[in-house]
Amino acid sequence: MTLTLDPASARRRRDDVAGKALSLSIPDCQTLDDHGLLALILGRSHGDPDQLAGDLLARFGSLAAVAAADPSELTRRFQMGPAALSDLKVLRELAVRLVRAEACRRPAITSWSALQAYARAAMAHLPREQFRVLYLDRRNLLLRDEWIAEGTVDHAPVYPREVVRRALELSASALILVHNHPSGDPTPSQADIAVTRQVVDGARLFGLDVHDHIVVGREETASFRALGLI
């Protein structure tokens, strides 16, 4: 894709977007649709931020999916500059941390909706499969949320011994496993079930509980415990 604005016009559009962002109040921001908000975020991009916002939403389908998109594709296909790319990634990380803070306020097993909201915010739109483990203390409060593996669109290599070893290093009392399905369908696969059983069996040897394994899809999640798989 090649943007057609000449450099002077593009610079004026960026200046206009930046000026608008500075003058917006909180109520003003709340009235913006996803396209308008994304254009403001992209105010430091090369070319026309409004056109780029439309192109990105057309390609990825939603604001969340744009924020989770592969940086190499954003750079290669949309010529997104490093400043705009950095702004977008910082915004996404901020959003994920805000949701995680809410999930950490109460014991994980009594704030399940907040925990699932955090899992969706962090992983629902990732382009590749990622496996994370939430390590909990004796009160079921979050000790550590750790990335374990990242793989392809349908597989992330997980080593159950390493998951349990890390729990012992952190003096954790319980675990919650979380991974995403980039296909959008959260239905657990046979490989998901097998690795979960291995982690559960290994954890049991050391008195550790695996409360659940959450599979994150595009719009919803699946719980191994709710499905009777743990």
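**View 1. Arg204 and Asp201 both sit in helix α10 (residues 190–205), 3 residues apart, about one turn of the helix.** The model shown is predicted: local features need pLDDT of at least 70 and side-chain atom pairs count only at pLDDT 80 or more, while totals for chains, interfaces and linings use all residues. Residues are numbered from 1 along each chain as its sequence is written, and side-chain values use heavy atoms, with hydrogens and water left out. Helices (H or I, at least four residues) and strands (E, at least two) are DSSP runs, numbered from the N terminus. Arg204 forms a salt bridge with Asp201, and their closest N and O atoms are 3.2 Å apart. A salt bridge here is a side-chain nitrogen of Lys or Arg within 4 Å of a carboxyl oxygen of Asp or Glu. Arg204 has a relative accessible area of 54%, so it is exposed; Asp201, at 44%, is partly exposed. Buried means under 20% relative accessible area, exposed over 50%, and partly exposed in between (1.4 Å probe, protein chains only).

**View 2. Helix α9 (residues 160–169) holds the salt-bridge partners Glu162 and Arg165.** The closest N and O atoms of Arg165 and Glu162 are 2.7 Å apart. The two residues are 3 residues apart in sequence, about one turn of the helix. Arg165 has a relative accessible area of 39% and is therefore partly exposed. Glu162, with 40%, is also partly exposed. Side chains of opposite charge can pair when their charged atoms come close.

**View 3. Arg132 and Asp145 meet through their side chains in a salt bridge of 3.0 Å, N to O.** Arg132 belongs to strand β1 (residues 130–136) and Asp145 to strand β2 (residues 142–150), so the pair ties together parts that are 13 residues apart in sequence. Arg132 and Asp145 are both buried. The structure holds 11 salt bridges.

**View 4. Helices α9 and α10 pack at an angle of about 40 degrees, with their axes 9 Å apart.** That angle makes α9 oblique to α10. The axes are lines fitted to C-alpha atoms, for helices over the stretch in contact, and angles run from 0 to 180 degrees between N-to-C directions. Angles under 35 degrees count as roughly parallel, over 145 as roughly antiparallel, 65 to 115 as roughly perpendicular and the rest as oblique. The crossing of α9 and α10 is right-handed. A crossing is right-handed if the near helix is turned clockwise from the far one by less than a right angle, and left-handed if anticlockwise.

**View 5. Helix α4 (residues 49–60) packs with helix α6 (residues 71–78) and with helix α3 (residues 34–41).** The angle between α4 and α6 is about 125 degrees, and their axes are 12 Å apart. The helices α4 and α6 are therefore oblique to each other, and α4 passes α6 in a right-handed crossing. For α3 and α4 the angle is about 125 degrees and the axes are 8 Å apart. The helices α3 and α4 are therefore oblique to each other, with a right-handed crossing.

**View 6. Pro71 is placed in helix α6.** Pro71 counts as partly exposed, at 38% relative accessibility. Along the sequence, Pro71 and Pro82 are 11 residues apart; in space they are 9.6 Å apart, C-alpha to C-alpha.

**View 7. Gln79 and Ser171 each have a positive phi.** Most residues other than glycine have a negative phi. Gln79, which is not a glycine, has a phi of about 50 degrees. Gln79 is found in the loop between α6 and α7 and is partly exposed at 33% relative accessibility. Ser171 has a phi near 55 degrees. Ser171 is found in the loop between α9 and β3 (174–180) and, at 59% relative accessibility, counts as exposed.

**View 8. Leu91, Leu94 and Leu98 make a nonpolar surface patch of about 290 Å².** Leu91 lies in helix α7 (residues 82–103). With 38% relative accessibility, Leu91 counts as partly exposed. Patches are made of residues with over 30% relative accessible area and no salt bridge: like charges are joined within 9 Å, nonpolar side chains (Val, Leu, Ile, Met, Phe, Trp, Tyr) within 5 Å. Accessible areas come from the Shrake-Rupley method with a 1.4 Å probe; for residues, only the protein chains shown count as cover.
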